[in-house]
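These exercises go through one protein chain step by step. Each task is followed by its worked solution.

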Amino acid sequence: MTAPTAEGTAVRPSLWRIREFVALWSGQVVSTLGAQISGTAMPLLVLATTGSPSDAGIVGAAGTLPFLIAHLPAGALVDRWNRRKILLISELAAGLALSTVPIAMWWGELTVAHLAVIAFVQGLCFVFFGLAERAALPKIVPVALLPTAVAHNEARSRGAALAGPPLGGMLFGIDRAVPFLADAVSYVVASIVLVFIRSDLQNQTKPPSEPLWQATTAGLRWVWRHPLIRAAILLIAVSNLVFQALVLILVVLAQHQGATSTTIGMMLGIYSGGGLIGALAASRLHRHFKPKTVIVGVNWIWTALLPLFAITSNPVLIGAIGAATAFVGPLWNVVITTYITVLVPNGLLGRVTSAAMTLSWGVMPLASLGAGYLLITIGPISSVFVLATVMFVTALIATFSPAVRHAPPISVHDKSA
């Protein structure tokens with residue numbers, strides 16, 4: 001991918017000259033923005049329809065349930081099936097599912113059960129697409145550019161998270177059906193862009209013909225043999241539980257202060273803005289920090305910031321505190337994702353990634369249900385202090401973990417089985 005200069009030195013390749021990466025990245029900017037728009041509108045729709053935080057928690061849990069039950073088998077299937085077809089079918093299926101929400105609203109047949117099913121389908125498609133995209137990335141991008149590609153994908157997600165909530169809140173204020181129509185259209189656009197990816201996205205080594213369950217557990221076995229990856233994933237699982245629960249708690253906290261859907265969208269947009277800035281910074285910062293510094297430091301920063309949510313009722317300040325917590329997250333994601341992508345053989349990458357996602361994201365349904373329960377029993381402010389306590393214990397564990405303290409540096413040149 002590099003060309004010699006007149007002096008014989010190599011010119012560093014640019015990601016933006018890799019046409020298929022640009023196509024994949026651009027399509028996912030649109031799709032992820034649509035998902036953020038509908039994701040912001042979904043709890044607002046449930047709360048507007050039923051007025052029940054527990055119902056909002058149930059729908060949120062349904063949307064994240066595939067992270068727990070589908071990641072492991074999906075990883076094995078991604079290593080066996082055609083990855084390009086998985087990418088395309090996932091986008092089309094999610095778009096079709098989302099389009100039923102405005103139809104049901106216009107017919108007056110919308111129910112919480114329907115929204116839970118739609119959220120589940122969207123989450124399932126997200127699982128398959130995410131695993132296929134991660135496994136396909138090393139087939140499109142040179143190894144030396146993988147950390148930069150991961151950082152750009154982080155920026156893509158964080159940028160959509162910045163723009164999506166304000167748009168979702170604004171569109172919801174115009175008409176409750178509009179955010180879901182916008183998301184359905186975004187999936188169609190992303191599907192069209194995928195047609196331009198022509199490279200062979202499959203692993204060159206044919207996967208062994210072993211039973212699906214045995215193939216499924218291969219990723220878990222690999223994770224278990226690598227202490228740092230194992231420790232990092234378990235720590236990420238706790239932080240995901242905390243921040244998944246926090247989003248619903250902050251929405252209810254803002255509503256209790258009389259915030260409108262547009263204001264809540266703005267609050268969440270400010271929150272996500274910190275993540276976008278952090279993702280842009282992570283593309284450079286990841287070179288200057290060891291994995292152990294990132295893992296320990298990020299947990300203590302979160303521990304310091306979480307209690308601040310409980311001492312302000314201003315949505316703008318809530319968003320600003322959230323932006324600070326979101327700023328440091330991408331650096332962790334870039335370090336750990338690059339670590340896994342470089343170490344794992346490509347033929348096993350889908351299964352290892354699925355194992356990591358099952359362990360780290362599988363807690364999200366429990367987080368949504370737990371947030372609904374906490375809101376009903378102790379209210380939003382006390383719920384924030386519960387989450388802050390969990391984060392404090394997690395930071396202590398990260399600090400004293402032998403695997404984290406002895407974490408080796410990341411190399412982008414070698415892979416080990």
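**Exercise 1. Place Thr40 and list what it touches.**

Step 1. Thr40 sits in helix α1 (residues 19-50); helices (H or I, at least four residues) and strands (E, at least two) are DSSP runs, numbered from the N terminus. This is a predicted model, in which local features need pLDDT of at least 70 and side-chain atom pairs count only at pLDDT 80 or more, while totals for chains, interfaces and linings use all residues. Residues are numbered from 1 along each chain as its sequence is written, and side-chain values use heavy atoms, with hydrogens and water left out.

Step 2. The relative accessible area of Thr40 is 6%, so Thr40 is buried. Buried means under 20% relative accessible area, exposed over 50%, and partly exposed in between (1.4 Å probe, protein chains only).

Step 3. With neighbours within four places in sequence left aside, the contacts of Thr40 are Gly164, Pro165, Gly168, Gly169 and Leu268. Contact means heavy atoms within 4.5 Å.

**Exercise 2. Describe how α1 and α6 cross.**

Step 1. Two packed helices are described by the angle between their axes and the distance between the axes.

Step 2. The axes of α1 and helix α6 (residues 146-174) come within 7 Å, and they cross at roughly 35 degrees. Axes are lines fitted to C-alpha atoms, for helices over the stretch in contact, and angles run from 0 to 180 degrees between N-to-C directions.

Step 3. This crossing of α1 and α6 is right-handed. A crossing is left-handed if the near helix is turned anticlockwise from the far one by less than a right angle, and right-handed if clockwise.

Step 4. The contact of α1 with α6 holds 18 nonpolar, 10 polar and 1 charged residues. Here Ala, Val, Leu, Ile, Met, Phe, Trp, Tyr, Cys and Pro count as nonpolar, Asp, Glu, Lys and Arg as charged, and the others, Gly among them, as polar.

**Exercise 3. Is Leu162 buried or partly exposed, and what does Leu162 touch?**

Step 1. Leu162 is found in α6.

Step 2. Its relative accessibility is 30%, so Leu162 counts as partly exposed.

Step 3. Beyond neighbours within four places in sequence, Leu162 is in contact with Gly269, Ser272, Gly273 and Leu276. The C-alpha atoms of Leu162 and Gly275 are separated by 7.9 Å, although these residues are 113 residues apart along the chain.

**Exercise 4. Check the length of α9 and follow this helix into the core.**

Step 1. Helix α9 (residues 227-256) has 30 residues, so at 1.5 Å a residue it should span 44 Å. The expected span is 1.5 Å times one less than the number of residues.

Step 2. The end C-alpha atoms of α9 are 44 Å apart, which agrees.

Step 3. Of the 30 residues of α9, 21 are buried. Just after α9, Gly258 takes a positive phi of about 85 degrees.

Step 4. The largest nonpolar core has 114 residues, and those with the most contacts inside it are Val141, Ile295 and Trp332. A nonpolar core is a set of buried Ala, Val, Leu, Ile, Met, Phe, Trp, Tyr and Cys residues joined through side-chain atoms within 4.5 Å. α9 gives the most to this core, with 18 residues.

Step 5. Not counting residues up to four places away in sequence, Trp332 touches residues including Ala232, Leu235 and Ile236.

**Exercise 5. Summarise the whole chain.**

Step 1. The chain has 16 helices and 0 strands.

Step 2. Of its 417 residues, 55% count as buried.
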